[in-house]
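Student: I'd like to take a close look at one part of this protein with you. Could you walk me through it step by step?

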Amino acid sequence: MRPTRATVLLTAGLVSLLGLPATAAAADIPANLYVNNAAASECSDTGPGTYANPFCTISAAVKVVQPGQTVRIASGKPYDEAVTISRSGQPGKPITFIGGTSPNVGQFSLAAGKGLTVTGASHVAVRGMYATTGLKITGSTDVELEQFHIGGNDPDSLTIGAGSSNVRLIRSQLATSVRIEGAQGTVLSRNRLHGYVDAAVTTFDAPGTVVTNNTIYLECEAAVSLGGASTASALFNNLIHTESDAGCPAPGPRYGITVAQSAAAGTRADSNLITGPFSDARVAYKWAGTPYQEQAAFHAATGQGSYDILTPERTGSGSLIVDSGDPTAPGVLPVDFYGRPVADDPRVPNTGKDGGYIDRGEKETQDDLRNVRVELEQGWAPVGSTVKAKATSDSSWAAALTYQYDFGDGTAPVVTKATTAEHVYSAPCACVVTVTAVNVAGQKAQGQQTANVTAAGSLTTAFTTKPYLPNADDQSVFVAPLAIEVDPRSSTTPWPIVRMDVDYGDGAKEVSDPLIITRHAYKLPGTYKVTVTLQDAKGATSTAERTVQVGYTPAGYVPLAPSRVLDTRTTDAPVQGGTATPITLPIAQYSWGQSHTAGASAAVLNVTVTGSTEDTHLSVWPSGQPRPVTSNVNIKAGGTSSNTVTVPIGADGKVSAQLNSGKAALIVDFVGYYQPNTGQRFSPLAPTRVVDTRTTGGALGGGQTRTVKVAGVNGIPADATAVALNLTGTGSTENGHVIAYPDPAKRPTTSNLNVEPGKDKSNQAIVPVGPNGTITLYTNTGSTHLILDAVGYYAKDGKALFTPVVPQRLADTRTTGKLAPGASTTVAGIPGNALGAALNVTATDTTGPGFLTVYGHGGTRPEASSLQTIPGITVPNHVTTPVADGRVGIWNSYGGSTHVITDLFGYFTQG
């Protein structure tokens, strides 16, 4: 199928044609000179011709190039010059001109009308050139032209003139004719040649011309015409197409091959394929003046063409050219027009001389091997099992492939022509099985698959759990609070797992077939029993259980510009008793509204209730959890009341709100959120007065703004990103609202406090810090005095992270007795390691106007207030306060006795 003699001769042909590799240049002569006419190249024809400072023209390099040097000519802008090469190299040290500045051959171009002349030179190689005007070689020896592309309509693309010898044109494409006149030993091999008004290849007095493995298109006269004393020439392995009907200036028949009487001596022709259709005007051969229309007649008369093939038309000739040439012919190259090696197509019998193989024409049929797919039988099995690898390739010559199977455990690869191989592993591993396929042309493709080799033993389920927390770098993935990961990959699994059942202990179950990490979000914190059952491919099952404590994770705070997420006045769906209203928060899946990362565990809301049909209160809690006994906003019939609410987010990304009784409009503004692994830490403060307009600046008038410094003062650092403030309105002249916001140029439409004449009203707000550590205050109508007390701040160097809790009641004096004027009470039940807490404190059944102050247990009571007490009105307020030993103190001013209700919504611990 593949005689070794042919291979040896092909290799020998390459050496004889292309010459030996150039020896190293002398130490003082650089190996390369560079030419680059690009504007950015900083070229100069008087420079050194280095890569950094190249010549601008090829001619400048021609003047100085030395034997053994290579001139690398940059691609891109055509060189507007006619180039003449008259310098010579030496045997084994040619002068080389090559397209491109990298080691690989590129292509450089000469401008239209500019050509190349080699005259009186020897030992010269030019590779990778495009021109529209022909090339001229005169009086030159040992010249190699490779990968040329000559366009244009010059009569002759290439002229090789008198006094030239051993000129080689290889792997090139010429639009018009080649004329060889008075030269000796010219070789044309693996080219694509077109005739024009003359023969595609014409020789005159050119002995020893070799025309081998070219594809030649006849237009006028002949494809190849040997005239004069062109004796001892050789025409082999050419593919000649004669069907062109171009108009020719001279009448008369056209020939595939014509050899004059004067050129016939010693000239050989064989293994050519000539396509028709043939007629009196289109003849296959003319040898020594005699035309021949048939191969048999030609061979009988001349002794030539014993392996020639004539076909009536080009269509259908493709299969005849494959592996049918003479690999021992003079001028044979080991690579084709595209640089691909000579290859033996296993699908086609070798019909060339002596059973050898090479295709006719400029191209060599190749196997297009690109991919190998690997499949493993029992790719998951215990030590001692037989693993079988199967390779599937996209090769069209699959039967001729050789496979190398490397099983990845350090053992010697298996080399075989079989598409399967077996292996027994001696130790557990996750071994990568690599299969390399090699075709007869030396092309390689590789595929991989991992073999999971396990320890021998029985199936044993084991798993770990951990909280599934959001990634601060990925804002697009929704991560619900109270989510966990179940990882069963520590199980002992000798055989593949075909089924995995996970029972999360809250009624939720999951089934999968691979052994994968699963995730689940619980609706409530608590203790759950997680059960994992595995079943393997052999039918064995194993179960493991683990008790999991599920709770909220400490989180940082991210302040936002307030955005309205619900206003039932526009939806005609009031909040009411007996029915929970869902509040959808702008998590990342939703395209509307202000978006935040979808890993928030708690939301900070400003909640306003207005137009109630009766005295009632509103509770806000995580969606999916039972309604708690706690309350957030208390409202009188027909009135308006608001409060800040910090509440955990439900597993569906929502919170719920419900009135105790009656109906009312509900307005909810989203002002910030807490999220694990991101945001700012909180530092609680004992209530510290920031501003009191009763003593400084006077009342804030309707439609007016006032800027207040909050950061860089009162123990709050200048780099604080948000401050927690208790905002109190007093002495109001009209019903109105107050807005606290960071940017004085961007006042939001949301509000923080609703004020009424004759009532002192408070609300806590978390306000982002604006320019120069300030915030801006605004009231819409009337006038009001404002009192601001800072209770904490958020900053990068803050102390604590926030852990939300299911809303829970800590204390209610309605079961223990009123808090008397001037008296204090201690509220416990907060975790002992808490530095601060988020509470909702409510005063009710008050006998006289006054205020409550909430502070860390055992600390000095501040002068500031946490909420106002008003007779006949139940007053709630969100209170963020320091905590000591899990307790806070609540002091009642001297206004009157009152009941105090304290609810916990979360706490802060050292971060």
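Student: What is the handedness of the link between cysteine 429 and cysteine 431, and how many degrees are there about the S-S bond?

Tutor: Happy to help, and please keep in mind that we are looking at a predicted model. The link of cysteine 429 and cysteine 431 is left-handed, with -120 degrees about the S-S bond. The sulfur atoms of this disulfide are 1.9 Å apart. As a reminder, a disulfide is a covalent bond between the sulfur atoms of two cysteines.

Now let's look at the surroundings of this link. Strand E34 covers residues 429-438, and seven of its ten residues are buried, so the strand is largely enclosed by the rest of the structure. Cysteine 431 is itself buried, with a relative accessible area of 5%; the cut-off for that word is under 20%.

What pairs with E34? Strand E35 (residues 444-454) runs antiparallel to E34, and ten bridges join the two. Within that pairing, cysteine 431 stands opposite alanine 451 in E35. E34 and E35 form a hairpin with five residues between them. In the turn you will find glycine 442, which has a positive phi of about 90 degrees. Strand E31 (residues 402-406) is also joined to E34, here by five bridges and again antiparallel. In that pairing, tyrosine 403 stands opposite alanine 437 in E34. While you look along these strands, a general point may help: in a regular strand the side chains alternate between the two faces of the sheet.

It is useful to set this link beside its counterpart, as the structure holds two disulfides. The other one joins cysteine 43 to cysteine 56, with an S to S distance of 2.1 Å. That link is right-handed, with 100 degrees about the S-S bond. Both cysteine 43 and cysteine 56 lie in the loop between strand E1 (32-35) and H2, so the pair ties together parts that are 13 residues apart in sequence. Cysteine 43 is partly exposed, with a relative accessible area of 24%, whereas cysteine 431 is buried at 5%.

Helix H2 (58-64) also leads us to a neighbouring loop, the one between H2 and strand E2 (70-73), where glutamine 69 lies. Glutamine 69 is buried, with a relative accessible area of 3%. A polar atom of its side chain lies 2.8 Å from the backbone oxygen of proline 30. Beyond its neighbours within four places in sequence, glutamine 69 is in contact with several residues, including Ile29, Pro30, Leu33, Val64 and Thr96.

To round off the strand pairing, let's turn to two open sheets elsewhere in the chain. One has three strands in the order E36-E37-E40, paired antiparallel. Its edge strands are E36 (464-467) and E40 (518-521), each pairing on one side only. Four bridges join E36 to strand E37 (residues 483-487), and threonine 465 has valine 486 in E37 as its bridge partner.

The other open sheet has four strands in the order E54-E59-E56-E57, and the pairing is antiparallel here too. Its edge strands are E54 (705-709) and E57 (753-755), and the twist averages 25 degrees from one strand to the next. Three bridges join strand E56 (residues 736-741) to E57, and the bridge partner of valine 738 in E57 is leucine 753.

Conventions:
Residues numbered from 1 in each chain as written. Predicted model: local features only at pLDDT ≥ 70, side-chain atom pairs only at ≥ 80, totals over all residues. Heavy atoms only, no water. Pairing = 2+ DSSP bridges. Axes fitted to C-alpha atoms, helices over the stretch in contact; angles between N-to-C directions. Buried < 20%, exposed > 50% of the residue type's maximum accessible area, 1.4 Å probe, protein only. Polar contact = N/O pair within 3.5 Å; in protein donor to acceptor, adjacent residues only side chain to side chain. Contact = heavy atoms within 4.5 Å. Disulfide = S-S within 2.5 Å.
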